[in-house]
Amino acid sequence: MSEKPSTPLYPNDVQKSNLSASSRISPSDLARLNAGLRHASPLEIIRWAVGQACGRAIVSTNFRPYEAVVLHLAVQVQPDIPVLWVDHGYNRPATYQHAEELRNRLKLNLKAYLPRMTAAHRDAVHGPIPTVDDEEGLKRFSALMKLEPFQRGMRELAPTVWITALRQVQNPNRAGLDIVSPDQNFGALKVSPLFYQTDADLEAYLAQHRLPNEWDYFDPAKADEKRECGLHAAWGKPAVNA
(Lines give C-alpha, C1' and ligand atoms only; values in the text may rest on other atoms or scores of the structure.)
Protein backbone atom coordinates (compact mmCIF):
# COMPACT_ATOMS: atom_id res chain seq x y z
CA MET A 1 0.00 0.00 0.00
CA SER A 2 1.57 3.24 -1.12
CA GLU A 3 1.51 6.36 1.04
CA LYS A 4 2.91 8.50 -1.76
CA PRO A 5 0.59 11.44 -2.59
CA SER A 6 -1.49 10.82 -5.67
CA THR A 7 -2.83 14.40 -6.08
CA PRO A 8 -6.52 13.47 -5.89
CA LEU A 9 -9.13 15.80 -7.33
CA TYR A 10 -10.95 16.73 -4.15
CA PRO A 11 -14.41 18.21 -4.73
CA ASN A 12 -13.69 21.73 -3.49
CA ASP A 13 -17.18 22.91 -4.41
CA VAL A 14 -18.56 20.90 -1.48
CA GLN A 15 -18.36 23.22 1.53
CA LYS A 16 -17.17 21.99 4.93
CA SER A 17 -20.46 23.03 6.47
CA ASN A 18 -22.21 20.50 4.26
CA LEU A 19 -20.01 17.74 5.66
CA SER A 20 -20.67 18.35 9.34
CA ALA A 21 -23.59 15.93 9.37
CA SER A 22 -24.20 12.96 7.13
CA SER A 23 -27.82 13.89 6.59
CA ARG A 24 -26.82 17.08 4.78
CA ILE A 25 -24.90 15.40 1.96
CA SER A 26 -26.76 15.13 -1.31
CA PRO A 27 -26.25 12.06 -3.52
CA SER A 28 -24.46 14.20 -6.11
CA ASP A 29 -22.07 15.62 -3.48
CA LEU A 30 -21.41 12.11 -2.21
CA ALA A 31 -20.65 10.86 -5.72
CA ARG A 32 -18.19 13.72 -6.29
CA LEU A 33 -16.50 13.07 -2.94
CA ASN A 34 -15.96 9.41 -3.71
CA ALA A 35 -14.81 10.07 -7.26
CA GLY A 36 -12.30 12.61 -5.98
CA LEU A 37 -10.95 10.30 -3.28
CA ARG A 38 -10.99 7.07 -5.28
CA HIS A 39 -7.30 7.17 -6.19
CA ALA A 40 -6.02 8.92 -3.07
CA SER A 41 -3.82 6.98 -0.68
CA PRO A 42 -5.32 5.97 2.68
CA LEU A 43 -3.09 8.54 4.40
CA GLU A 44 -4.38 11.29 2.10
CA ILE A 45 -7.96 10.25 2.75
CA ILE A 46 -7.45 10.46 6.51
CA ARG A 47 -5.80 13.87 6.16
CA TRP A 48 -8.81 15.03 4.17
CA ALA A 49 -11.27 13.52 6.67
CA VAL A 50 -9.61 15.08 9.71
CA GLY A 51 -9.50 18.41 7.89
CA GLN A 52 -13.27 18.26 7.44
CA ALA A 53 -14.01 17.39 11.06
CA CYS A 54 -13.32 20.74 12.77
CA GLY A 55 -11.58 18.92 15.62
CA ARG A 56 -14.29 16.28 15.96
CA ALA A 57 -12.92 13.22 14.17
CA ILE A 58 -12.72 9.79 15.75
CA VAL A 59 -11.51 6.39 14.59
CA SER A 60 -13.22 3.21 15.74
CA THR A 61 -11.61 -0.18 16.21
CA ASN A 62 -12.34 -3.68 17.44
CA PHE A 63 -8.69 -4.80 17.20
CA ARG A 64 -9.52 -7.45 14.61
CA PRO A 65 -6.98 -8.46 11.93
CA TYR A 66 -5.42 -5.51 10.07
CA GLU A 67 -6.85 -2.87 12.45
CA ALA A 68 -3.27 -1.77 13.21
CA VAL A 69 -3.17 -0.23 9.72
CA VAL A 70 -5.98 2.29 10.15
CA LEU A 71 -4.84 3.11 13.70
CA HIS A 72 -1.24 3.71 12.60
CA LEU A 73 -2.45 5.94 9.75
CA ALA A 74 -4.85 7.91 11.95
CA VAL A 75 -2.31 8.79 14.64
CA GLN A 76 0.11 10.04 11.97
CA VAL A 77 -2.46 12.68 11.05
CA GLN A 78 -3.82 13.40 14.54
CA PRO A 79 -1.79 11.78 17.34
CA ASP A 80 -4.50 12.35 19.96
CA ILE A 81 -7.46 11.29 17.83
CA PRO A 82 -10.04 9.54 20.04
CA VAL A 83 -10.11 5.78 19.39
CA LEU A 84 -13.56 4.35 20.14
CA TRP A 85 -13.50 0.71 21.22
CA VAL A 86 -16.46 -1.28 22.46
CA ASP A 87 -15.09 -3.99 24.74
CA HIS A 88 -18.11 -6.29 24.83
CA GLY A 89 -16.38 -8.61 27.28
CA TYR A 90 -16.12 -11.64 25.01
CA ASN A 91 -12.76 -10.93 23.40
CA ARG A 92 -10.19 -13.69 23.52
CA PRO A 93 -6.93 -13.19 25.47
CA ALA A 94 -4.94 -12.63 22.27
CA THR A 95 -7.20 -9.75 21.27
CA TYR A 96 -6.84 -8.05 24.66
CA GLN A 97 -3.07 -8.50 24.46
CA HIS A 98 -3.05 -7.08 20.92
CA ALA A 99 -5.11 -4.09 22.07
CA GLU A 100 -2.65 -3.35 24.86
CA GLU A 101 0.33 -3.69 22.54
CA LEU A 102 -1.13 -1.23 20.02
CA ARG A 103 -2.31 1.14 22.74
CA ASN A 104 1.21 1.38 24.13
CA ARG A 105 3.08 1.32 20.84
CA LEU A 106 0.93 3.90 19.03
CA LYS A 107 0.11 5.89 22.19
CA LEU A 108 -3.56 5.55 21.38
CA ASN A 109 -6.05 7.91 22.98
CA LEU A 110 -8.23 4.87 23.65
CA LYS A 111 -11.83 5.45 24.69
CA ALA A 112 -13.19 2.09 25.83
CA TYR A 113 -16.94 1.67 26.26
CA LEU A 114 -18.37 -1.36 28.03
CA PRO A 115 -21.90 -2.75 28.07
CA ARG A 116 -24.01 -1.97 31.11
CA MET A 117 -24.14 -5.73 31.77
CA THR A 118 -21.03 -7.88 32.09
CA ALA A 119 -20.52 -10.93 29.90
CA ALA A 120 -20.91 -13.26 32.88
CA HIS A 121 -24.14 -11.55 33.93
CA ARG A 122 -25.57 -11.72 30.40
CA ASP A 123 -24.73 -15.40 30.06
CA ALA A 124 -26.30 -16.20 33.42
CA VAL A 125 -29.53 -14.42 32.53
CA HIS A 126 -29.82 -15.08 28.80
CA GLY A 127 -27.75 -18.19 28.22
CA PRO A 128 -24.91 -18.82 25.75
CA ILE A 129 -24.07 -16.55 22.84
CA PRO A 130 -26.66 -17.12 20.08
CA THR A 131 -25.56 -19.27 17.16
CA VAL A 132 -25.39 -18.15 13.55
CA ASP A 133 -28.83 -19.63 12.77
CA ASP A 134 -30.51 -17.51 15.48
CA GLU A 135 -30.73 -14.17 13.67
CA GLU A 136 -33.07 -12.49 16.13
CA GLY A 137 -31.04 -13.71 19.08
CA LEU A 138 -27.86 -12.31 17.55
CA LYS A 139 -29.54 -8.95 16.97
CA ARG A 140 -30.67 -8.80 20.59
CA PHE A 141 -27.17 -9.79 21.73
CA SER A 142 -25.61 -7.11 19.52
CA ALA A 143 -28.02 -4.41 20.71
CA LEU A 144 -27.24 -5.14 24.36
CA MET A 145 -23.51 -5.83 24.28
CA LYS A 146 -22.25 -3.82 21.31
CA LEU A 147 -24.67 -1.30 19.82
CA GLU A 148 -25.73 0.36 23.09
CA PRO A 149 -22.17 1.04 24.32
CA PHE A 150 -21.16 2.16 20.83
CA GLN A 151 -24.10 4.56 20.66
CA ARG A 152 -23.17 5.86 24.11
CA GLY A 153 -19.60 6.44 22.94
CA MET A 154 -20.73 8.24 19.79
CA ARG A 155 -23.07 10.42 21.84
CA GLU A 156 -20.34 11.38 24.31
CA LEU A 157 -17.55 11.89 21.75
CA ALA A 158 -19.97 13.58 19.30
CA PRO A 159 -17.88 13.18 16.14
CA THR A 160 -18.72 14.83 12.85
CA VAL A 161 -16.36 12.42 11.05
CA TRP A 162 -16.09 8.72 11.91
CA ILE A 163 -13.05 6.92 10.43
CA THR A 164 -13.47 3.17 10.05
CA ALA A 165 -11.53 0.18 8.72
CA LEU A 166 -14.41 -1.01 6.53
CA ARG A 167 -13.36 -2.66 3.27
CA GLN A 168 -15.26 -3.61 0.15
CA VAL A 169 -14.12 -7.25 0.32
CA GLN A 170 -15.42 -7.94 3.83
CA ASN A 171 -19.05 -8.85 3.13
CA PRO A 172 -21.88 -8.16 0.65
CA ASN A 173 -23.36 -5.32 2.70
CA ARG A 174 -20.08 -3.42 2.78
CA ALA A 175 -19.47 -4.00 -0.93
CA GLY A 176 -22.34 -1.59 -1.58
CA LEU A 177 -20.71 1.26 0.39
CA ASP A 178 -17.78 3.49 -0.60
CA ILE A 179 -14.91 5.49 0.90
CA VAL A 180 -17.33 8.15 2.13
CA SER A 181 -20.84 7.20 3.18
CA PRO A 182 -23.55 8.88 5.23
CA ASP A 183 -24.20 7.06 8.47
CA GLN A 184 -27.85 6.90 9.44
CA ASN A 185 -27.35 5.04 12.72
CA PHE A 186 -25.06 7.50 14.50
CA GLY A 187 -25.30 10.70 12.46
CA ALA A 188 -21.63 11.14 11.50
CA LEU A 189 -19.90 11.19 8.15
CA LYS A 190 -18.33 7.74 7.79
CA VAL A 191 -14.93 7.63 6.06
CA SER A 192 -13.28 4.32 5.22
CA PRO A 193 -9.76 5.02 3.91
CA LEU A 194 -8.94 1.33 3.41
CA PHE A 195 -12.13 0.61 1.47
CA TYR A 196 -10.43 -0.53 -1.76
CA GLN A 197 -7.37 -2.09 -0.13
CA THR A 198 -6.72 -5.81 -0.48
CA ASP A 199 -5.39 -8.20 2.14
CA ALA A 200 -2.06 -8.12 0.29
CA ASP A 201 -1.98 -4.31 0.52
CA LEU A 202 -2.53 -4.44 4.26
CA GLU A 203 -0.02 -7.25 4.78
CA ALA A 204 2.57 -5.13 2.97
CA TYR A 205 1.79 -2.10 5.15
CA LEU A 206 2.11 -4.15 8.35
CA ALA A 207 5.43 -5.54 7.18
CA GLN A 208 6.74 -2.12 6.08
CA HIS A 209 5.98 -0.56 9.48
CA ARG A 210 6.66 -3.70 11.53
CA LEU A 211 3.20 -3.65 13.02
CA PRO A 212 1.59 -6.63 14.77
CA ASN A 213 -1.51 -8.44 13.58
CA GLU A 214 -4.01 -10.58 15.45
CA TRP A 215 -5.75 -13.62 13.99
CA ASP A 216 -7.48 -15.07 17.07
CA TYR A 217 -10.27 -12.49 16.85
CA PHE A 218 -13.93 -13.45 17.21
CA ASP A 219 -16.95 -11.16 17.16
CA PRO A 220 -19.83 -12.83 19.05
CA ALA A 221 -22.29 -10.23 17.73
CA LYS A 222 -21.71 -11.48 14.18
CA ALA A 223 -21.03 -15.22 14.65
CA ASP A 224 -20.01 -15.27 10.97
CA GLU A 225 -17.78 -12.86 9.04
CA LYS A 226 -20.40 -12.41 6.31
CA ARG A 227 -22.97 -11.04 8.77
CA GLU A 228 -23.28 -7.49 10.11
CA CYS A 229 -23.37 -6.73 13.83
CA GLY A 230 -25.58 -3.67 13.26
CA LEU A 231 -23.05 -0.84 13.42
CA HIS A 232 -23.03 -0.52 9.64
CA ALA A 233 -26.48 -1.90 8.81
CA ALA A 234 -29.87 -0.21 8.66
CA TRP A 235 -31.37 -2.45 11.38
CA GLY A 236 -28.80 -1.26 13.95
CA LYS A 237 -30.52 1.98 14.97
CA PRO A 238 -33.99 0.54 15.66
CA ALA A 239 -32.38 -2.44 17.41
CA VAL A 240 -30.51 -0.33 19.93
CA ASN A 241 -33.50 1.96 20.47
CA ALA A 242 -35.91 -0.92 21.05
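## Overall organisation

In this predicted model, residues 24 or more positions apart account for 78% of the contacts in the protein with a separation of 6 or more. The secondary structure of the chain comes to nine helices and six strands. Of the 242 residues in the protein, 54% are buried. The accessible surface comes to about 11,000 Å², and carbon and sulfur atoms supply 53% of that area.

## The nonpolar cores

In soluble globular proteins, nonpolar side chains tend to be buried together. In this model the largest nonpolar core has 43 residues, and the members with the most contacts inside it are Leu71, Ile163, Val180 and Val191. Helix H3, which covers residues 67-77, gives this core its largest share, seven residues. A second, separate core has nine residues, among them Leu84, Val86, Trp162 and Phe186.

Which residues does Val180 touch, when residues up to four places away in sequence are not counted? The list includes Leu30, Leu33, Asn34, Leu37 and Trp48, and it also holds Leu189, Lys190 and Val191. Val191, one of these neighbours of Val180, is itself named among the residues with the most contacts inside the largest core.

## Helix H4 and its two sides

Helix H4 has 14 residues and reaches 20 Å from its first C-alpha to its last, which is close to the 20 Å expected at 1.5 Å a residue. Its buried residues are Thr95, His98, Ala99, Leu102 and Leu106. Seen down the axis of H4, these buried residues fall within an arc of 100°, so they line one face of the helix. The cover over them includes H3 and strand E2, which spans residues 82-86. On the other side of H4, Pro93 and Gln97 are exposed.

An α-helix has 3.6 residues a turn, so residues three or four places apart point the same way. A pair with this kind of spacing is found in H4, where Glu100 and Arg103 lie three residues apart, about one turn of the helix. The side chains of Glu100 and Arg103 meet in a salt bridge, with 2.7 Å from N to O. Glu100 counts as partly exposed because its relative accessibility is 36%, between the limits of 20% and 50%. Arg103 is also partly exposed, at 32% relative accessibility.

## Two residues with positive phi

Most residues other than glycine have a negative phi, and most peptide bonds are trans. Lys107, by contrast, has a positive phi near 55°, and this residue comes just after H4. Lys107 is found in the loop between helix H4, residues 93-106, and strand E3, residues 109-113. Is Lys107 buried or exposed? With a relative accessible area of 66%, Lys107 is exposed.

Ala158 is another residue other than glycine with a positive phi, here near 50°. Ala158 is found in the loop between helix H6, residues 135-157, and strand E4, residues 161-163. At 28% relative accessibility, Ala158 counts as partly exposed.

## Salt bridges

Side chains of opposite charge can pair when their charged atoms come close. The structure holds nine salt bridges, and the pair in H4 described above, Glu100 and Arg103, forms one of these. Asp199 forms a salt bridge with Arg167, and the closest N and O atoms of the two are 2.7 Å apart. Asp199 lies in helix H8, residues 199-209, and Arg167 lies in the loop between E4 and helix H7, residues 172-175, so the pair ties together parts that are 32 residues apart in sequence. Asp199 is partly exposed, with a relative accessible area of 38%, whereas Arg167 is buried, with a relative accessible area of 6%.

The side chains of Asp183 and Lys190 also meet in a salt bridge, with 3.5 Å from N to O. Asp183 counts as buried because its relative accessibility, 3%, is under 20%, and Lys190 counts as buried at 3% as well. Lys190 appears in the list of residues that Val180 touches, and Val180 is named among the residues with the most contacts inside the largest nonpolar core. Finally, Arg116, Glu148 and Arg152 are linked in a network of salt bridges.

Terms used
Residues are numbered from 1 along each chain as its sequence is written. This is a predicted model: local features need pLDDT of at least 70, side-chain atom pairs count only at pLDDT 80 or more; totals for chains, interfaces and linings use all residues. Side-chain values use heavy atoms; hydrogens and water are left out. Helices (H or I, at least four residues) and strands (E, at least two) are DSSP runs, numbered from the N terminus. Buried means under 20% relative accessible area, exposed over 50%, partly exposed in between (1.4 Å probe, protein chains only). Contact means heavy atoms within 4.5 Å. Accessible areas come from the Shrake-Rupley method with a 1.4 Å probe; for residues, only the protein chains shown count as cover. A nonpolar core is a set of buried Ala, Val, Leu, Ile, Met, Phe, Trp, Tyr and Cys residues joined through side-chain atoms within 4.5 Å. The expected span of a helix is 1.5 Å times one less than its number of residues. The arc is that of the directions from the helix axis to the C-beta atoms. A salt bridge is a side-chain nitrogen of Lys or Arg within 4 Å of a carboxyl oxygen of Asp or Glu.
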